[in-house]
Amino acid sequence: MPGTADGVMVKRLACILCFLGVVPFAVGVEGNRDQRQNAMAQAAVFWGLVGQNELADSQAELGLTVLGVKNSSDSLRHLAMLIRYRMDAGLSESYHCYVANKGKKIVTYLRNIQPAELAAQCYHEFAQFKKGSPHSFEKIDESHICQTVAQIEEKKKLLVAGIRSGARCVDGDF
């Protein structure tokens, strides 16, 4: 992938994410470059949701884009796991489009999602980062960031059904 247009795009987006302050979240993440980029992109989505402002929205969108353009098994897993976050209308639409356009490649990752575990993971992340940075979370409740088990289960069913029906988004739509 390094020489491809997607590879160049991912590198640029990763650099932008570094400048947006996602690095502190991803410091200590082990693994290969792809795994570190995916962890950083997922962190950008989380911190973008917590930030609740225009810059944070851009950060979340960039993190989603990094995961959405990649096709490694780790990026597909991370993309599927974003289902645990409560995304606003625009980000949610982009998320649905990236997932739908992955088609059958992502269905296994969606099926492997355990809603209770994923919801617990989100609530744990929220609590962990709230403890470490209470001022960032003063006016934010975990229910504003994390989906419930029922919401994750419902969204999982909708995404898999959409993929099975052949639903796709036009590239210019997201």
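# A tour of disulfides, rings and one buried lysine

Counting bonded cysteines along the protein chain, the disulfides follow the pattern 1-4, 2-3. Keep in mind as you click around that this is a predicted model. There are two disulfides to visit, then a set of aromatic rings, then a lysine.

**Stop one: the outer pair**

Select Cys 97 and Cys 169 and show them as sticks. A disulfide joins these two residues, with an S to S distance of 2.1 Å. Look along the S-S bond: the angle about the bond is -80 degrees, and the link of Cys 97 and Cys 169 is left-handed. Now colour by secondary structure. Cys 97 sits in helix H6 (residues 89-102), while Cys 169 belongs to the segment after helix H9 (149-164), so this disulfide ties together parts that are 72 residues apart in sequence.

Turn on a surface and compare the two ends. Which of them is buried, and which is partly exposed? Cys 97 is the buried one, with a relative accessible area of 5%. Cys 169 has a relative accessibility of 21% and counts as partly exposed, because the cut-off for buried is under 20%.

**Stop two: the inner pair**

Next, select Cys 122 and Cys 146. They too are joined by a disulfide, with S to S at 2.1 Å. The angle about the S-S bond is -85 degrees here, and the link of Cys 122 and Cys 146 is left-handed. This pair also connects distant parts of the chain: Cys 122 is in helix H8 (residues 115-132) and Cys 146 is in the loop between H8 and H9, 24 residues apart. With the surface still on, check both ends: Cys 122 is buried at 0% relative accessibility, and Cys 146 is buried at 0% as well.

**Stop three: the rings**

Hide the cysteines and bring up the aromatic side chains. How many aromatic pairs does the structure hold? The count is seven. Start with Phe 46 and Trp 47, an edge-to-face pair whose centres are 5.4 Å apart, with 90 degrees between the planes. Phe 46 is buried, at a relative accessible area of 0%, whereas Trp 47 counts as partly exposed at 21% relative accessibility.

Stay on Trp 47 and add Phe 137. These two rings form another edge-to-face pair, 5.6 Å centre to centre and 65 degrees between the planes. The pair bridges distant parts of the chain, from Trp 47 in helix H3 (residues 33-51) to Phe 137 in the loop between H8 and H9, 90 residues apart. Phe 137 is buried, with 0% relative accessibility.

To widen the view, add Tyr 85, Phe 126 and Phe 129: ring pairs link these three with Phe 46, Trp 47 and Phe 137 into a cluster.

**Last stop: Lys 102**

Go back to helix H6 and select Lys 102, which lies in that helix. Is this lysine buried or exposed? Lys 102 counts as buried, at 8% relative accessibility. Follow its side chain and you will arrive at the backbone oxygen of Gly 68, 2.7 Å away.

Finally, show what surrounds Lys 102. Leaving aside residues up to four places away in sequence, Lys 102 touches Leu 67, Gly 68, Val 69, Lys 70, Asn 71, Leu 76 and Leu 79. Gly 68 thus appears twice on this stop: in the list of residues touched, and as the owner of the backbone oxygen that the lysine side chain reaches.

Note on methods: Residues numbered from 1 in each chain as written. Predicted model: local features only at pLDDT ≥ 70, side-chain atom pairs only at ≥ 80, totals over all residues. Heavy atoms only, no water. Disulfide = S-S within 2.5 Å. Helix = DSSP H or I, 4+ residues; strand = E, 2+ residues; numbered from the N terminus. Buried < 20%, exposed > 50% of the residue type's maximum accessible area, 1.4 Å probe, protein only. Phe/Tyr/Trp six-rings, centres within 6.5 Å; stacked < 30°, edge-to-face > 60°. Polar contact = N/O pair within 3.5 Å; in protein donor to acceptor, adjacent residues only side chain to side chain. Contact = heavy atoms within 4.5 Å.
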